[in-house]
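User: I'd like to go through the two ligand sites with you and hear how each label is justified. Can you take me through the reasoning?

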Amino acid sequence: MIKVGIVGGTGYTGVELLRLLAQHPQARVEVITSRSEEGVKVADMYPNLRGHYDGLAFSVPDATRLGECDVVFFATPHGVAHALAGELLATGTRVIDLSADFRLQNADEWAKWYGQPHGAPELLPEAVYGLPEVNREAIKSARLIAVPGCYPTATQLGFIPLLENGLADASQLIADCKSGVSGAGRGAKVGSLFCEAGESMMAYSVKGHRHLPEISQGLRRAAKGDVGLTFVPHLTPMIRGIHATLYARVADRTVDLQKLFEERYANEPFVDVMPAGSHPETRSVRGANVCRIAVHRPQGEDLVVVLSVIDNLVKGASGQAIQNMNILFGLEERMGLSNVALLP
Ligand SMILES: NC(=O)C1=CN([C@@H]2O[C@H](COP(=O)(O)OP(=O)(O)OC[C@H]3O[C@@H](n4cnc5c(N)ncnc54)[C@H](OP(=O)(O)O)[C@@H]3O)[C@@H](O)[C@H]2O)C=CC1
Ligand SMILES: CC(=O)N[C@@H](CCC(=O)OP(=O)(O)O)C(=O)O
């Protein structure tokens with residue numbers, strides 16, 4: 001049994017880790033932290049978990065207790081893993097960070113986008129970007145894994161087959177992305193109130209969102225060169241889900257794009273290339289650790305449109321984190337994870 005610790009157990013990604021790990025045959029949550037709910041039993045706060053975590057209560061983050069775990073997930077705002085990861089790694093505990101703390105390889109770039117100095121630049125060289133579809137081998141031997149963000153997961157998986165094969169004009173990529181409100185976390189914010197976000201839709205951070213450097217970093221790697229990306233996120237009136245509509249110029253009209261995508265993801269358990277002409281819906285991935293993709297070429301155009309959907313809390317965060325844990329501990333990658341969504 002893998003002994004698991006979770007820092008930030010009361011937030012949306014923390015409770016999603018608990019929900020998914022409740023079904024995991026090889027992992028047991030031993031420590032779950034919250035500064036605000038110390039002493040409260042998990043099942044008293046989350047009745048959906050009754051019968052799974054009897055006796056487990058929230059405790060304040062404590063490096064000694066966390067250091068007794070085999071792996072610690074950080075489901076916390078940025079900056080928290082910076083402060084604790086080094087100490088845990090020194091005790092032999094592996095760290096899987098759902099926040100953005102170790103996603104960017106350049107500490108100065110991180111500081112620019114996150115508005116504070118990077119708290120652990122000495123750990124960056126060993127941090128592995130936890131997108132299994134591109135980094136599976138490195139994940140196997142990692143000590144510190146940076147789980148990709150939600151927009152970056154949907155966007156990279158959609159663009160990668162075009163860029164890896166040098167088919168798209170990498171200087172003109174557009175990612176038009178929509179997110180459910182749970183992407184903003186559980187903390188009370190006026191913009192997340194039902195009266196504000198419940199029946200309305202808006203673009204935000206058009207001038208530059210902190211996921212832009214993360215996505216660009218991943219796409220540069222796929223393209224083996226510079227990329228020019230326009231990324232516009234939107235807040236939409238749904239609870240879960242990311243819908244990415246991706247645009248790329250592909251001059252070669254002879255290439256069979258459907259075949260290209262199917263072959264790229266043929267061995268990927270959590271990427272589903274849908275039949276030609278499909279329009280994936282966010283509800284087809286709700287609660288599931290899967291990215292569903294469809295590729296389109298509008299008639300007579302150089303333009304290719306890729307549609308990519310995930311559940312931000314599952315393939316966009318906690319499910320992907322568990323997928324990383326499975327790879328890291330040599331378990332079957334699908335263990336405890338499902339690609340079956342909750343409909344309606
Ligand atoms: N929501 C999403 O769709 C996604 C989120 N992420 C990332 O995952 C991380 C968690 O997101 P989410 O679950 O939405 O966030 P929430 O705001 O819902 O939860 C944050 C959690 O962190 C704890 N926490 C806050 N500050 C500290 C601190 N200084 N030290 C220790 N614990 C702290 C909180 O508990 P308490 O205050 O009780 O200690 C709470 O449990 C973030 O970095 C986010 O960017 C990544 C992908 C998708
Ligand atoms: C709808 C919404 O607000 N989404 C968040 C992104 C989701 C997220 O948590 O991203 P990180 O993991 O990189 O922090 C945002 O735009 O900031």
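Analyst: Sure. A residue is near a molecule if one of its heavy atoms lies within 4 Å of it. This is a predicted model, and on that cut-off the residues around ligand 2 include Arg-103, Cys-150, Ser-179, Tyr-204, His-209, Arg-210, His-211 and Leu-235.

User: What makes the pairing of His-211 with ligand 2 a polar contact?

Analyst: The cut-off for a pair of N or O atoms is 3.5 Å. An N or O atom in the side chain of His-211 is 2.3 Å from an oxygen atom of ligand 2, so the pair counts as a polar contact. His-209 passes too, with a polar side-chain atom 2.7 Å from a ligand 2 oxygen, and for Arg-210 the value is 2.9 Å. As for cover, ligand 2 has 430 Å² of accessible area on its own, and the protein covers 80% of that.

User: Why is ligand 2 said to sit in the largest pocket?

Analyst: The test is that more than half of a molecule's atoms lie within 2 Å of the pocket's grid points. Ligand 2 is assigned to the largest pocket, so it meets that test. Its shell splits into four nonpolar, five polar and two charged residues.

User: Over to ligand 1. How do you know that Gly-8 makes a polar contact with it?

Analyst: A polar backbone atom of Gly-8 is 3.4 Å from an oxygen atom of ligand 1, and the limit is 3.5 Å, so the pair counts. Two side chains qualify as well: an N or O atom of Arg-35 is 2.7 Å from a ligand 1 oxygen, and one of Ser-36 is 2.5 Å from a ligand 1 oxygen. The protein covers 82% of the 890 Å² that ligand 1 has as accessible area on its own.

User: What surrounds ligand 1, and which elements give two or more residues to its shell?

Analyst: There are 27 residues around ligand 1, with Thr-10, Ser-34, Arg-35, Ser-36 and Thr-76 the closest. Ligand 1 sits in the largest pocket. The elements giving two or more residues to the shell are α1 (12-21) and α11 (314-328). By class, the shell has nine nonpolar, 15 polar and three charged residues.

User: Why is ligand 1 said to lie between domain 1 and domain 2?

Analyst: Because both domain 1 (2-129) and domain 2 (150-311) give residues to the shell around ligand 1.

User: And what makes Ser-205 and the Leu-343 to Pro-344 bond worth flagging?

Analyst: Most residues other than glycine have a negative phi, and most peptide bonds are trans. Ser-205 has a positive phi, near 50°, and is found in the loop between β8 (202-203) and α9 (211-223). The bond joining Leu-343 and Pro-344 is cis, with omega about -10°, and Pro-344 is in the segment after α11.

Notes:
Residues are numbered from 1 along each chain as its sequence is written. Chains are lettered from A and ligands numbered from 1 in the order in which they are written. This is a predicted model: local features need pLDDT of at least 70, side-chain atom pairs count only at pLDDT 80 or more; totals for chains, interfaces and linings use all residues. Side-chain values use heavy atoms; hydrogens and water are left out. A polar contact is a pair of N or O atoms within 3.5 Å; within protein, one must be able to donate a hydrogen and the other to accept it, and residues adjacent in sequence count only if both atoms are side-chain atoms. Accessible areas come from the Shrake-Rupley method with a 1.4 Å probe; for residues, only the protein chains shown count as cover. On a 1 Å grid over the protein atoms alone, a cavity is a set of points where a 1.4 Å probe fits but cannot get out, and a pocket is an open set with protein on both sides within 12 Å along at least five of seven lines; lining residues have an atom within 4 Å of a point. Helices (H or I, at least four residues) and strands (E, at least two) are DSSP runs, numbered from the N terminus. Ala, Val, Leu, Ile, Met, Phe, Trp, Tyr, Cys and Pro count as nonpolar, Asp, Glu, Lys and Arg as charged, and the others, Gly among them, as polar. Domain bounds come from an automatic or database domain assignment.
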